[in-house]
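Colleague: I should like to learn how to read the packing of helices and the lining of a pocket. Please take me through both.

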Amino acid sequence: MAGIRLHVRVDDEQAQDALQAVMQRMSDPRPAFRDAGEYMQRVVDDRFRGEHDPDGQPWQDLAPLTWTKKRNDKILTERGGPGLRGSIHYRTSRTALEQGTDKIYAAIHQLGGIIRTRNAQIQIPARQYLGFSDGNAAEVSRILYRHAFERRR
């Protein structure tokens with residue numbers, strides 16, 4: 001072969017070491033998931049306090065009849081017991097972070113729908129309290145990144 005010959009040798013030892021460190025730190029992602037879960041708990045609490053969905057849109061107001069039956073002036077919140085707001089928790093495993101509630105009535109408030117009684121049909125609007133905004137997704141990504149790539153002291 002005539003001309004110039006170029007020989008390139010790639011030393012990937014540092015990259016391999018860095019990758020090994022990330023794999024070691026994330027071998028059990030539960031601490032990262034716990035931090036993300038705590039963050040999302042604060043987010044949901046803020047949504048109840050501010051009465052808005054993940055995108056910051058206000059929840060639809062209650063019907064006038066519903067206001068007459070309430071014991072306070074907050075949407076999706078009642079006095080006594082943990083109620084919906086207090087029932088929202090997260091759980092972690094080696095593969096997942098889940099946030100939700102075991103309250104039977106939670107889905108109708110999150111998704112909206114129709115409740116049929118003997119005498120009426122009641123339309124319940126969606127008032128989303130769970131979910132991710134773009135900002136929430138970015139913050140959870142930052143939390144996971146810190147756990148994966150930043151050395152702990």
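**Helix packing and the largest pocket**

Modeller: In this predicted model, the axes of helix 2 (residues 30-50) and helix 6 (residues 134-149) come within 9 Å of each other and cross at roughly 155°.

Colleague: Why are those two values quoted together?

Modeller: Two packed helices are described by the angle between their axes and by the distance between the axes. Here the crossing angle is over 145°, so helix 2 is roughly antiparallel to helix 6.

Colleague: Is the crossing of helix 2 with helix 6 left-handed or right-handed?

Modeller: Helix 2 crosses helix 6 in a right-handed manner.

Colleague: Which residues of helix 2 and helix 6 meet?

Modeller: Helix 2 contributes residues including Phe33, Tyr39, Met40 and Arg47, while helix 6 contributes, among them, Glu139, Ile143, Leu144 and His147. By class, this contact has ten nonpolar, three polar and three charged residues.

Colleague: How much space lies in the largest pocket, and which residues are closest to its centre?

Modeller: The largest pocket holds about 740 Å³ of space. It is lined by 24 residues, of which Leu62, Thr66, Glu78, His109 and Ile124 are the closest to its centre. Helix 3 (64-69), helix 4 (83-87) and strand 4 (121-124) each give two or more residues to the lining. By class, the lining has eleven nonpolar, seven polar and six charged residues.

Methods: Residues are numbered from 1 along each chain as its sequence is written. This is a predicted model: local features need pLDDT of at least 70, side-chain atom pairs count only at pLDDT 80 or more; totals for chains, interfaces and linings use all residues. Side-chain values use heavy atoms; hydrogens and water are left out. Axes are lines fitted to C-alpha atoms, for helices over the stretch in contact, and angles run from 0 to 180 degrees between N-to-C directions. Helices (H or I, at least four residues) and strands (E, at least two) are DSSP runs, numbered from the N terminus. Angles under 35 degrees count as roughly parallel, over 145 as roughly antiparallel, 65 to 115 as roughly perpendicular and the rest as oblique. A crossing is left-handed if the near helix is turned anticlockwise from the far one by less than a right angle, and right-handed if clockwise. Contact means heavy atoms within 4.5 Å. Ala, Val, Leu, Ile, Met, Phe, Trp, Tyr, Cys and Pro count as nonpolar, Asp, Glu, Lys and Arg as charged, and the others, Gly among them, as polar. On a 1 Å grid over the protein atoms alone, a cavity is a set of points where a 1.4 Å probe fits but cannot get out, and a pocket is an open set with protein on both sides within 12 Å along at least five of seven lines; lining residues have an atom within 4 Å of a point. Grid points are joined across faces, edges and corners, and a volume is the space filled by probe spheres set on the points.
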